[in-house]
Amino acid sequence: MNKPETSPLTERPGFLVRRLHQIHQALFAEECAAFDITPVQFSIMSVAAIYPGLDQTTLAHEVGVDRTTLANVVARLEKRKLLRRTRSKENHRLKCVHLTVVGQHTVAQMDNAVTRAHQRTIAALAPAERHAFMAALKCLVDSGNEYGRAPLRLG
């Protein structure tokens, strides 16, 4: 049996997006190994750094993960003393998320490693292609956002 020159999988955007995600995860893990932080954890910490005291539901929308996943990840980060949760003064049912001093320091320390992981993910593209690729990705995510398992607040 002759093997085709290209796999039919390479014509499927979902397959390629999943594969690129796997590649980025590996690059992120390599660049950020010293911190033992996953991309989702870093996203949550980054948003918490920008919006201190955001409630967990809003934080989940900012990162695009479901509330259960967010609560589990936040609990693990809280156990590591990177985040802390407090009750909202306006609505005691809401838990608000804050980076600790250690968490702030960790986000700052990770910045260069995270930037390298992102740059390496798209390094095969020429600079002009990188801009176009990112614009296309944003367009695709924006237009399909309603179909995601967890809504992402865009903009």
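In which helix is Gln-25 found? Gln-25 is found in helix H1. The model is predicted, and the account below starts from the whole chain before returning to that helix.

The protein has 155 residues, of which 30% count as buried. Its secondary structure comprises six helices and three strands. Read from the N terminus, the order of elements is α-α-β-α-α-β-β-α-α. Along the principal axes, the C-alpha atoms occupy a box of roughly 65 × 35 × 35 Å. Among contacts with a separation of 6 or more, 54% join residues 24 or more positions apart. The accessible surface is about 10600 Å². Carbon and sulfur atoms contribute 57% of that surface. The protein carries 21 positive and 14 negative charges. The mean positions of these two sets lie 8 Å apart.

Helix H1 covers residues 13-31. At 1.5 Å a residue, its 19 residues should span 27 Å. The C-alpha atoms at its ends are 26 Å apart, so the expected and computed spans agree. Four residues of H1, namely His-24, Leu-27, Phe-28 and Glu-31, are buried. They lie on the same side of H1, because they cover an arc of only 100° around the axis. The spacing fits a general rule: an α-helix has 3.6 residues a turn, so residues three or four places apart point the same way. The face turned away from the buried side of H1 carries the exposed residues Gly-14 and Glu-30. Cover for the buried residues of H1 includes helix H2 (39-50) and helix H5 (101-121).

Gln-25 also belongs to H1. Its relative accessibility is 32%, so Gln-25 counts as partly exposed; the partly exposed class falls between the cut-offs of 20% and 50%. Gln-25 and Lys-81 are 56 residues apart along the chain. Their C-alpha atoms are separated by 24 Å.

Helix H2 gives a similar check on length. Its twelve residues should span 16 Å at 1.5 Å a residue. The end C-alpha atoms of H2 are 16 Å apart, which agrees. The buried residues of H2 are Pro-39, Gln-41, Phe-42, Ile-44, Met-45, Ser-46, Val-47 and Ala-48. H2 is also part of what covers the buried residues of H1.

The loop between H1 and H2 contains Asp-36. Its phi is near 55°, a positive value in a residue other than glycine. Most residues other than glycine have a negative phi. Asp-36 has a relative accessibility of 58% and therefore counts as exposed.

Lys-81 provides another case of positive phi, with a value near 65°. Lys-81, too, is a residue other than glycine. It sits in the loop between H4 and strand E2 (83-87). At 57% relative accessibility, Lys-81 counts as exposed.

Helix H4 (residues 67-79) holds Thr-68. The relative accessible area of Thr-68 is 54%, so this residue is exposed; the cut-off for that class is over 50%. Thr-68 and Pro-52 are 16 residues apart in sequence. In space, their C-alpha atoms are 20 Å apart.

Technical notes
Residues are numbered from 1 along each chain as its sequence is written. This is a predicted model: local features need pLDDT of at least 70, side-chain atom pairs count only at pLDDT 80 or more; totals for chains, interfaces and linings use all residues. Side-chain values use heavy atoms; hydrogens and water are left out. Helices (H or I, at least four residues) and strands (E, at least two) are DSSP runs, numbered from the N terminus. The expected span of a helix is 1.5 Å times one less than its number of residues. Buried means under 20% relative accessible area, exposed over 50%, partly exposed in between (1.4 Å probe, protein chains only). The arc is that of the directions from the helix axis to the C-beta atoms. Contact means heavy atoms within 4.5 Å. Accessible areas come from the Shrake-Rupley method with a 1.4 Å probe; for residues, only the protein chains shown count as cover. Lys and Arg count as positive and Asp and Glu as negative; His and the chain ends are not counted. The place of a charge is taken as NZ of Lys, CZ of Arg, CG of Asp or CD of Glu.
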